Amino acid sequence: MGEDYARTLQELERRFSTEQACREYLFALRWPGGFLCPRCGGESSWRMNRGLWLCAKCRYQLSVTAGTVFQDSHLPLTTWLRGMWHVTTQKYGVSALGLQRVLGLGSYKTAWAMLHKLRRAMVRPGRDRLRGTVEVDDTDWGGEEEGVIGRLTEKKALMVVAAQEDGKGIGRVRLRHVPDLARLSLHGFIRDAVEPGSTVRTDGLNAYMGLQGCIHDRQAQRDQPPGEHLVPRVHRVVSLLKRWMLGTHQGAIRHDDLDDYLDEFTFRFNRRTSASRGKLFYRLAQQAVQVEPAPLSTLVKPQHLGNG
Ligand SMILES: [Zn+2]
C-alpha cells in the first residue's frame with residue numbers, strides 16, 4: 001500500500017463513515033505485507049462478523065485493534081479516526097477540552113485518555129535515531145516563571161534534548177524527562193536517541209564524560225565568543241517547546257505526564273515541514289496499530305480540568 005490517507009475532513013468523513021471501513025484501513029496499516037497471525041505466523045485469514053479475523057491455519061480469532069492503542073476502548077473507531085485527524089491537522093495540536101468539544105465526547109476524562117493514548121503512539125523508542133552531528137543539553141520545566149501554579153511549583157522537572165544539525169538549521173529532535181542529570185540518565189538517553197558513530201556535542205558537564213559509541217565533542221562555554229550559545233539548536237528547540245507547553249496546554253502539565261507531551265512535541269517538530277497534514281494523520285494511524293496498548297489504569301489520572 002502506498003501512503004493512503006484522506007486530504008480533507010470531508011474526505012475523511014466520507015471514507016470512514018462505518019466501523020468496517022475503519023477496520024479495513026487499520027488492517028492494511030497493521031499488515032502492509034498481508035495478514036500475519038501473531039500466534040502461528042499463518043498468512044491467510046478470513047474476515048468474520050463483528051470485526052474479527054480468523055487465522056486460516058490455527059483458527060485464532062483476532063481483532064485488528066488487539067495489541068494496539070485502540071484495544072479495550074469503548075469508543076467507536078469512527079470517533080478515534082476523527083480524533084486523530086483533529087490532533088494531527090491542528091498546527092499546535094489540541095487540548096483534551098478542545099478534543100472533547102470537537103468530537104462531542106461525553107466526558108473530559110474520555111478525551112484526556114484518548115489524547116494520552118495517541119501520544120504514546122507518536123514516538124517509537126529506538127527507531128529513527130538521530131545521526132550526523134547532534135547537540136545535547138538539559139533544561140527544566142515547572143517553575144513559577146512558567147505560570148505553573150500551586151503545588152506543581154514544588155520541584156522542577158528535568159529534561160534532556162537532542163537536536164540534529166542540518167546545515168545551519170535543525171534536523172530532527174528527541175526529548176526525554178529524566179530523574180536527574182547523572183551519567184546513567186544522560187548516557188542512557190544518548191544511547192537511545194543517537195545512532196552509534198555520530199558526533200555528540202555537549203557542554204562541559206562531567207556527567208557526559210566517557211560516552212560510548214560516539215564521537216564526543218565536549219565544549220566549554222568559556223571558550224565561546226560572547227553571546228554565542230554552545231548548543232544553539234537545542235536552545236531554539238527548548239524555547240519552541242516551552243511556548244507550545246504554555247500556549248496549547250496553558251502550562252498545565254504534570255511532571256508524570258511530561259514524557260507524553262514531549263512525544264507529541266517531537267512528533268510535530270520532526271514533521272514540521274511535511275507538506276500535507278493528512279500525512280501526519282497517516283503516520284499516526286500507522287504507528288497507533290504498531291504499539292502496545294496503554295490501559296487507562298497505567299495512565300495518570302487527569303487532575304487539572306481548566307483549559308488544559
Ligand atoms: Zn494462526
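## Aromatic pairs

In this predicted model, ring pairs link Phe16, Tyr25, Trp85 and Phe281 into a cluster. A search of the whole structure finds twelve aromatic pairs. One of the pairs is formed by Trp244 and Phe265, whose ring centres are 5.9 Å apart and whose planes make an angle of 50°, an arrangement that is tilted. Because Trp244 belongs to helix 7 (residues 232–247) and Phe265 to helix 8 (residues 258–270), this pair ties together parts that are 21 residues apart in sequence. Trp244 is buried, its relative accessible area being 6%, and for Phe265 the relative accessible area is likewise given as 6%, so that Phe265 is buried.

Phe265 also takes part in a pair with Phe269, in which the centres are 5.8 Å apart and the planes lie at 25°, so this pair is stacked. Both Phe265 and Phe269 are in helix 8, where four residues, about one turn of the helix, separate them. As a general point, an α-helix has 3.6 residues a turn, so residues three or four places apart point the same way. Phe269 counts as buried, at 7% relative accessibility.

## Arginines over ring faces

The ring of Phe269 also has a charged neighbour, since Arg272 lies over the face of Phe269 at 3.9 Å from the ring centre. A second arrangement of this kind involves Arg119, which lies over the face of Tyr261 at 4.1 Å from the ring centre.

## Helix 3 and Thr88

Helix 3 comprises the 13 residues 77–89, which at 1.5 Å a residue should span 18 Å, and the distance of 18 Å between its end C-alpha atoms agrees with that expectation. Of its 13 residues 13 are buried, so helix 3 is largely enclosed by the rest of the structure.

Thr88 is found in helix 3, and with a relative accessible area of 1% Thr88 is buried. Where does the side chain of Thr88 reach a backbone oxygen at 3.3 Å? The backbone oxygen in question is that of Trp85, and a polar atom of the Thr88 side chain also lies 2.6 Å from the backbone oxygen of Met84. When residues up to four places away in sequence are not counted, Thr88 touches Phe267, Arg268, Arg277, Leu280, Phe281 and Leu284. Two names here recall the ring cluster, for Trp85 and Phe281 are among the residues linked in it by ring pairs.

## Trp46 and its surroundings

Trp46 lies in strand 1, which covers residues 45–47, and at 43% relative accessibility Trp46 counts as partly exposed, a class that lies between the cut-offs of 20% for buried and 50% for exposed. Leaving aside neighbours within four places in sequence, the residues in contact with Trp46 are Leu52, Trp53, Leu54, Ala56 and Arg59. For Arg59, which is 13 residues from Trp46 along the chain, the C-alpha atoms of the two residues are separated by 9.6 Å.

## Positive phi angles at Arg59 and Asp72

Arg59 is placed in the loop between strand 2 (52–55) and strand 3 (61–63), and although Arg59 is not a glycine, its phi is positive, at about 70°. At 52% relative accessibility, Arg59 counts as exposed, because the class of exposed residues begins over 50%.

Asp72 lies in the loop between strand 3 and helix 3. Asp72 is not a glycine either, yet it has a positive phi of about 65°, and with a relative accessible area of 61% Asp72 is exposed.

## Parallel strands 4, 7 and 8

Strand 4 (residues 133–141) and strand 7 (residues 199–202) run parallel and are joined by three bridges. Strand 7 in turn pairs with strand 8 (residues 215–218), again in the parallel sense, over four bridges.

Which residue of strand 7 stands opposite Glu135? That residue is Arg201, and in strand 8 the bridge partner of Arg201 is Asp217. Arg201 can therefore be followed across the pairing, because Glu135 stands opposite it and Asp217 is its bridge partner in strand 8. As a general point, in a regular strand the side chains alternate between the two faces of the sheet.

Terms used:
Residues are numbered from 1 along each chain as its sequence is written. This is a predicted model: local features need pLDDT of at least 70, side-chain atom pairs count only at pLDDT 80 or more; totals for chains, interfaces and linings use all residues. Side-chain values use heavy atoms; hydrogens and water are left out. Helices (H or I, at least four residues) and strands (E, at least two) are DSSP runs, numbered from the N terminus. Buried means under 20% relative accessible area, exposed over 50%, partly exposed in between (1.4 Å probe, protein chains only). Contact means heavy atoms within 4.5 Å. The expected span of a helix is 1.5 Å times one less than its number of residues. Rings of Phe, Tyr and Trp (its six-membered ring) pair if their centres lie within 6.5 Å; planes under 30 degrees apart count as stacked, over 60 as edge-to-face and the rest as tilted. A charge sits over a ring if NZ of Lys or CZ of Arg is within 6 Å of the ring centre and within 35 degrees of the ring normal. A polar contact is a pair of N or O atoms within 3.5 Å; within protein, one must be able to donate a hydrogen and the other to accept it, and residues adjacent in sequence count only if both atoms are side-chain atoms. Two strands pair if DSSP finds at least two bridges between them.
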